[in-house]
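Reader: I would like to learn how to read a protein model, starting from its overall layout and ending with pairs of charged side chains. Could you walk me through one?

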Amino acid sequence: YDNPVLIARTTDKKSSRARVKSDKLSATLNQSLQATIAAGGPAVPTPPRTVKLPPVEQKREKETEDVLNSILPPREYSESGQLWVQQVSSTPATRLDVIKLQEQLDAKLQQRQARETGICPVRRELYSQCFDEMIRQVTLECAERGLLLLRVRDEIRMTIAAYQTLYESSVAFGMRKALQAEQGKTDMENKIVQLQGEKKELEATVTSLKAKCDDIERREAERRLAEERKHAEEMQFLKRTNQQLKTQLESILAPAKK
């Protein structure tokens with residue numbers, strides 16, 4: 001951009017008032033002149049205006065300036081009650097200017113500590129300014145080429161904006177999923193505690209049932225041993241009784257044989 005140009009001041013109110021007074025005076029004179037002509041007085045002839053056609057070079061420069069203003073609009077800002085306007089520079093760039101632009105870009109990247117990789121707003125801003133300057137330099141040589149580069153720049157910005165929107169939506173989706181996972185983690189932890197309590201209760205039930213089973217087995221074993229002992233005693237008693245009866249029978253039958 002060129003150096004800023006002062007457009008208006010806060011002290012211009014007086015000049016605007018004087019301009020209003022002069023406009024009123026000229027309007028009064030015009031009215032009196034028209035009244036004189038209507039009354040049949042001598043009319044003042046107006047000299048014919050000579051229109052000069054602008055040369056081709058000036059027309060081409062004007063078109064180039066219009067294209068530059070459409071690509072890079074003028075900057076307007078107010079400072080201390082004064083309005084300043086900064087137009088785009090129409091000075092063609094040389095090879096030294098391009099080399100200087102590259103050096104300034106590298107210096108700005110180091111000065112503002114822009115990251116070399118990843119998403120970096122500082123690096124994006126600096127490269128965007130550098131690309132605008134390249135568009136300006138190309139536009140001064142060929143306006144059509146500059147307009148084509150403008151389309152490329154707008155397409156790149158639109159693509160970056162789409163990627164940024166996609167990134168923000170993916171971040172929001174990830175945060176939402178993380179919150180859902182955290183909520184699910186809390187529910188799962190509560191369920192784990194509940195299941196652990198139920199497990200302890202079931203383990204206590206199993207322990208009590210095992211104790212009852214062992215007690216029943218012990219009582220059944222004792223009862224079986226008692227029954228086996230009783231059965232063995234009854235067998236011994238029956239065997240003794242049988243032996244006694246056999247002995248008695250033999251003693252009874254022995255004299256009969258003699």
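Author: We will go from the whole chain to single pairs of residues. Please keep in mind that this is a predicted model.

Reader: Let's begin with the layout. How many helices and strands does the protein chain have?

Author: There are five helices and three strands in the protein chain. Reading from the N terminus, their order is β-α-α-β-β-α-α-α.

Reader: And what share of the residues counts as buried?

Author: Of the 258 residues in the protein chain, 10% are buried. The area that the chain exposes is about 22,200 Å², and 58% of it comes from carbon and sulfur atoms.

Reader: What can contacts tell me about residues far apart along the chain?

Author: Take the contacts in the protein chain with a separation of 6 or more: residues 24 or more positions apart account for 61% of them.

Reader: Now to the charged side chains. What is the general idea?

Author: Side chains of opposite charge can pair when their charged atoms come close. In this model, the count comes to 11 salt bridges.

Reader: Which residue forms a salt bridge with Arg219?

Author: That partner is Asp215, and the closest N and O atoms of the pair are 2.7 Å apart. Asp215 also meets Arg218 in a salt bridge, with an N to O distance of 2.4 Å.

Reader: Where do Asp215 and Arg218 lie along the helix?

Author: Both belong to helix 5, which covers residues 143-257, and they are three residues apart, so about one helical turn separates them. Asp215 and Arg219 are four residues apart in helix 5, so they too are separated by about one helical turn.

Reader: Are these side chains buried or exposed?

Author: They fall in between. Asp215 is partly exposed, at 27% relative accessible area. Arg218 is partly exposed at 44%, and Arg219 is partly exposed with a value of 44%.

Reader: Can you show me another pair, please? Which residue does Glu227 pair with?

Author: Glu227 forms a salt bridge with Arg223, where the closest N and O atoms are 2.7 Å apart. These two are four residues apart in helix 5, so about one helical turn lies between them. Glu227 is partly exposed, with 45% relative accessible area, and Arg223 is partly exposed with 42%.

Reader: Which residues are joined into one network by salt bridges that share partners?

Author: Asp132, Arg153, Asp154 and Arg157 are linked in this way.

How values were computed: Residues numbered from 1 in each chain as written. Predicted model: local features only at pLDDT ≥ 70, side-chain atom pairs only at ≥ 80, totals over all residues. Heavy atoms only, no water. Salt bridge = Lys/Arg side-chain N within 4 Å of Asp/Glu carboxyl O. Buried < 20%, exposed > 50% of the residue type's maximum accessible area, 1.4 Å probe, protein only. Contact = heavy atoms within 4.5 Å. Areas by Shrake-Rupley, 256 points an atom, 1.4 Å probe, with all protein chains shown as cover.
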